[in-house]
Amino acid sequence: MKLIDKMIAPVDRALERFDPLWQAQNGKGGLRSRYYDKTGVAKWREWRGVKDTLVDYTAWLNNLLSMGLMVASAPLPVLKGMWEYRWMGSFLGTFMFIDRLFEGYRGPQLKIAHMNMHAIVRSLTGRIAFVLSNDERLGGGPETENIVPHDETITPLFLKGFKGLHPFPLQTLPEFIICDVDQHIEPYYIDVAESFGLPADVCSRCAAETGVAIDDAFPLVGKVMLSTNMPCNASEATSMFQRRRIGKPDFPVTLAMQHNNPEALPYSRQTILDAIHFVEEHYGVKWDWDEFFRYAKLMNEQNTIELEKWDFFKTPYSALTGIAETLYRLYSWQSVNGQDPYFNKVDRKVIRLMRKAYEQKYDPFRGNCRHRAFLWGPSAVYYTDFPTWCANCWGINIVLNMDSTMGFNMIDTEDPDKALDDLTRFTEKACMRHHAVGGWDNVNAVWQWAKEFNCDMVLMNDNIACKGMLGVHALMEEQARDLGFHFIFVEHDLEDSRTVSRQDMRNCVNKYMDVVLGEKPLDPTLVEFDDSEAY
């Protein structure tokens, strides 16, 4: 490797002027210089040096291969899906989305980021092909009645106790994931919901999911539907709209909201048992503890590795950073949840690379890390590639996001009684549910998380349509002053970028860094630009 490095060093020096990081440092341009105005479309790929450009391009080809395999495995269903569902076209923006996610990444940081993202692309393309091949709207298939559709915020792990059945988070494809890729797709569904009389001031996630249901844009699979009260009251209304439109027998998995209270555990545990009995009754398949333990072990391994990753996050030498960490954790925990051994394989490789990078004292930010921040923010931080922008523009290292703090307790894999308690605690800390609801302590925990990960800054979720978060502004500001954290409320409207644009979100940080801290941007081309037409 040293010989190869010596051979390519003259090439890297000769082409250095095309590197946008070099351009920003020398006043010759920057990361935004290569884009067409208002779009997320680049005129050319980012030059990162010979080795890293090759790593980046190889990853692009691997993702293209996964997309090709999806089409090849189910050509007719995929074609029908493109014709039937508006959201299918948005997945074509995946390649531009990934390119923006990892701008400025180099070395092990880039390699690990692409390993994580490819695992998501590989999983999603397989899931799309599978569900479209068995979608009743498109003619159905051999596994149609073996799929168990459930709300995206229900952890699918407990359904793996049914051998031969396939859990499927219903909102993942038309809403939960695609809103991260395409900022323009969900406003259409929001407008559909509002045209039927839904108030315009509700959470845009719930409005979008309601619009998807009314627009008949959910794949129709399975014999029943498992809905939930998670993560908030607005989602309960969404479940009711979906239940009426989809028309399948429904079981509401209503876990205790105040789940930090030990007395809530028996209630939530019984709810999960009742859901299991409901599935047994309708599918004629008995729950199998050995089958469940098989997948619980995979999830335990993922959580064990995740906790080791956290040890590296507390240092300046973590090769896994920003959005590559938080988007992977969000998907691997909430949607995969121990079901796919490929994610365990990726985690093992990633942790080995992280250990090696730490031993070598590898600095992923090349001396440009000014602040370490804890990010308490949901979907809008993904379609805006917000953590990447923070690092490249202002030197803010997003050490961890709230989505990474989902259930990390281990599940007993020998004693069914203990396992059920562990599974209940695990499920209670699902996506968003443990962060904005369930009691003041869940929101207030952000300070302890920030302290544990050696952060001097907190970027706080400020969803303008969330009645819960709107009630904590003054309290959070006061605590930030008392505890000595730099604190920024980042306004957004989740899936509706018309209300709060990408640039409006970035300006929340721009103003604080400029006016309050008096700092200069690392890359001036990133301070203000129009990407309103981007995916």
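Glutamate 495 touches Glu175, Cys179, Gln183, Glu186, Pro187, Ile190, Ser204, Arg205 and Ser379, once residues up to four places away in sequence are set aside; contact here means heavy atoms within 4.5 Å. The model is a predicted one, so local features need pLDDT of at least 70 and side-chain atom pairs count only at pLDDT 80 or more, while totals for chains, interfaces and linings use all residues. Residues are numbered from 1 along each chain as its sequence is written, and side-chain values use heavy atoms, with hydrogens and water left out.

Glutamate 495 sits in the loop between strand E8 (486-492) and helix H25 (502-516); helices (H or I, at least four residues) and strands (E, at least two) are DSSP runs, numbered from the N terminus. With a relative accessibility of 1%, glutamate 495 counts as buried, where buried means under 20% relative accessible area, exposed means over 50% and partly exposed is what falls in between (1.4 Å probe, protein chains only). Its C-alpha lies 8.5 Å from that of histidine 184, although the two residues are 311 apart in sequence.

Some of those contacts lead into helix H10 (residues 185-195), whose buried residues are Ile185, Glu186, Pro187, Tyr189, Ile190, Val192 and Ala193. Among them, Glu186, Pro187 and Ile190 are also touched by glutamate 495. The buried residues of H10 pack against helix H5 (86-90), helix H8 (172-176), helix H9 (178-181) and helix H11 (204-214). After H10 comes glycine 197, with a positive phi near 105°.

Positive phi also turns up away from glycine. Most residues other than glycine have a negative phi. Lysine 38 nevertheless has a positive phi of about 70°. This lysine 38 belongs to the loop between H2 and H3 and, with a relative accessible area of 33%, is partly exposed. Asparagine 454 is another non-glycine residue with a positive phi, in this case about 55°. The loop between helix H22 (446-452) and strand E7 (457-463) holds asparagine 454, which is partly exposed with a relative accessible area of 44%.

Alanine 42 is likewise placed in the loop between helix H2 (20-25) and helix H3 (50-73). Its relative accessibility of 30% makes alanine 42 partly exposed. Leaving out neighbours within four places in sequence, alanine 42 is in contact with Arg34, Tyr35 and Tyr36. From C-alpha to C-alpha, alanine 42 and valine 121 are 21 Å apart, with their positions 79 residues apart in sequence. Elsewhere, leucine 475 is part of helix H24 (residues 473-483) and, at 44% relative accessibility, counts as partly exposed. Leucine 475 and lysine 309 are 166 residues apart along the chain, and their C-alpha atoms are separated by 31 Å.

Turning to helix pairing, the axes of helix H7 (residues 107-133) and helix H16 (residues 341-359) come within 10 Å and cross at roughly 175°. That makes H7 roughly antiparallel to H16. Axes are lines fitted to C-alpha atoms, for helices over the stretch in contact, and angles run from 0 to 180 degrees between N-to-C directions; angles over 145 degrees count as roughly antiparallel. On the H7 side, Lys111, Ile112, Met115, Asn116, His118, Ala119, Ile120, Arg122 and Ser123 meet Tyr342, Phe343, Val346, Lys349, Val350, Leu353 and Met354 of H16. The residues of this contact divide into 10 nonpolar, 3 polar and 3 charged, with Ala, Val, Leu, Ile, Met, Phe, Trp, Tyr, Cys and Pro counted as nonpolar, Asp, Glu, Lys and Arg as charged, and the others, Gly among them, as polar.

As for internal space, the structure holds 6 cavities of 30 Å³ or more. On a 1 Å grid over the protein atoms alone, a cavity is a set of points where a 1.4 Å probe fits but cannot get out, and lining residues have an atom within 4 Å of a point. Grid points are joined across faces, edges and corners, and a volume is the space filled by probe spheres set on the points. The largest cavity has a volume of about 120 Å³. It is lined by 14 residues, of which Arg32, Glu103, Asp385, Trp389 and Phe529 are the closest to its centre. Helix H18 (386-394) and H25 each supply at least two lining residues, and H18 gives the largest share, 3 residues. By class, this lining has 4 nonpolar, 3 polar and 7 charged residues.

The second largest cavity holds about 60 Å³ of space. Its lining includes Phe176, Asp180, Arg205 and Ser379, and divides into 6 nonpolar, 1 polar and 3 charged residues.

Key
Angles under 35 degrees count as roughly parallel, over 145 as roughly antiparallel, 65 to 115 as roughly perpendicular and the rest as oblique. On a 1 Å grid over the protein atoms alone, a cavity is a set of points where a 1.4 Å probe fits but cannot get out, and a pocket is an open set with protein on both sides within 12 Å along at least five of seven lines; lining residues have an atom within 4 Å of a point.
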